[in-house]
Amino acid sequence: MAEQRIKLNKMRRMIGENMRQSNINNPRTAGSVQLDFTELLEMKAELADKGHKVSDTAIFVWAIARALKDHPKLNSRLEGEEMIIYDEINPGIAVDTPRGLLALTLRNTENKTLLEVSESFRDLMHRFKEGRLTMDDYTGSTYTISNMTRSAVHFFTSIINNNECFIIGFGGIHKAPVVLEDGSIAARDVCFMTTNGNHVLVDGMETDNFTSQLQDILTHPKKYLEDNV
């Protein structure tokens, strides 16, 4: 039987070791919900008609920041035997690169409007593509987000990054039957969102309460939009 052996490069070994240590040191509590993205996609289209192209990732970052304000304990990290709770909300955004999966840090999203988050994220990705990122763009995240909404994968779980309190993942958007409030059934655009919490820092109920609030924001985003978006 023919076989091919490829030695792991330095980046692949480092990613693997970090994930192995995280899996050992951070016991996880995981919860998943199905989100109806019909209104969210309508909002994106309405913003695009006004000249504002907003990505799914930017909307997720904006929504998570709103939810974390009511659940500040989750915006934290484990350091030794201490829990560090941050006042800045800095998502680490997972990006696939030729060198492997990296998390780029988008800073100070706690008080930004949706359009401000969108502009900051656009600038981060522009600098990433041009190779102009600094070490600050790779460090200082307070949670991690993994966006696979354009993927065929509907559901996945993730390994917690850098001893953070949680990592949140969004699976592929797809059509599925949904029971509406009036009892009727309709084909809607849905997405599975999975929150993996660090059980050392939070219990399942705390993660569930955060996830439930985030579900409402993403299912009915228009009612949460600021006057200046």
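Select Met 43 first: at 1% relative accessibility, Met 43 counts as buried, where buried means under 20% relative accessible area, exposed over 50% and partly exposed in between, with a 1.4 Å probe and protein chains only. The model is predicted: local features need pLDDT of at least 70, side-chain atom pairs count only at pLDDT 80 or more, and totals for chains, interfaces and linings use all residues. Residues are numbered from 1 along each chain as its sequence is written, and side-chain values use heavy atoms, with hydrogens and water left out.

**Stop 1: around Met 43**

Met 43 is found in helix 2. Helices (H or I, at least four residues) and strands (E, at least two) are DSSP runs, numbered from the N terminus. Show the contacts of Met 43, leaving aside neighbours within four places in sequence: Ile 59, Leu 114, Pro 221, Lys 222 and Leu 225. Contact means heavy atoms within 4.5 Å. For a distance label, pick the C-alpha atoms of Met 43 and Val 54, which are 11 residues apart along the chain and separated by 9.6 Å.

**Stop 2: helix 2 against helix 3**

Now select helix 2 (residues 38-49) and helix 3; their axes come within 11 Å and cross at roughly 115 degrees. Axes are lines fitted to C-alpha atoms, for helices over the stretch in contact, and angles run from 0 to 180 degrees between N-to-C directions. Helix 2 and helix 3 are therefore roughly perpendicular to each other. The angle classes are: under 35 degrees roughly parallel, over 145 roughly antiparallel, 65 to 115 roughly perpendicular, and the rest oblique.

The crossing of helix 2 and helix 3 is right-handed. A crossing is right-handed if the near helix is turned clockwise from the far one by less than a right angle, and left-handed if anticlockwise. Display the side chains of Leu 40, Met 43 and Lys 44 in helix 2, which meet Asp 56, Ile 59 and Phe 60 in helix 3. This contact of helix 2 with helix 3 divides into four nonpolar, no polar and two charged residues. Here Ala, Val, Leu, Ile, Met, Phe, Trp, Tyr, Cys and Pro count as nonpolar, Asp, Glu, Lys and Arg as charged, and the others, Gly among them, as polar.

**Stop 3: helix 3 against helix 4**

Keep helix 3 (residues 56-70) and add helix 4 (residues 114-129): the two pack at an angle of about 125 degrees, with their axes 9 Å apart. Helix 3 and helix 4 are therefore oblique to each other, and their crossing is right-handed. On the helix 3 side, select Thr 57, Ala 58, Ile 59, Val 61 and Trp 62; on the helix 4 side, Leu 114, Val 117, Ser 118 and Phe 121. By class, the contact of helix 3 with helix 4 has seven nonpolar, two polar and no charged residues.

**Stop 4: helix 3 against helix 5**

Swap helix 4 for helix 5 (residues 204-219), whose axis comes within 9 Å of that of helix 3, crossing at roughly 135 degrees. That angle makes helix 3 oblique to helix 5. Helix 3 passes helix 5 in a right-handed crossing. From helix 3, show Ile 59, Phe 60, Trp 62, Ala 63, Ile 64, Arg 66, Ala 67, Leu 68 and Asp 70, which meet Phe 210, Gln 213, Leu 214, Ile 217 and Leu 218 in helix 5. The contact of helix 3 with helix 5 has 11 nonpolar, one polar and two charged residues.

**Stop 5: Thr 211**

Stay in helix 5 and select Thr 211. Thr 211 is buried, with a relative accessible area of 5%. Not counting residues up to four places away in sequence, Thr 211 touches Val 33, Met 193 and Thr 195. The C-alpha atoms of Thr 211 and Lys 175 are separated by 22 Å, with the two positions 36 residues apart along the chain.

**Stop 6: two loop asparagines**

Go to Asn 108, in the loop between strand 5 (100-105) and helix 4. Phi of Asn 108 is near 55 degrees, a positive value in a residue other than glycine. Asn 108 is partly exposed, with a relative accessible area of 31%.

Next, select Asn 163, in the loop between strand 6 (143-147) and strand 7 (166-170). Phi of Asn 163 is near 60 degrees, also positive in a residue other than glycine. At 30% relative accessibility, Asn 163 counts as partly exposed.

**Stop 7: cysteines**

Select Cys 165, which is buried at a relative accessible area of 0%, then Cys 191, which counts as buried at 0%. With a disulfide taken as a pair of cysteine sulfur atoms within 2.5 Å, the count comes to zero disulfides.
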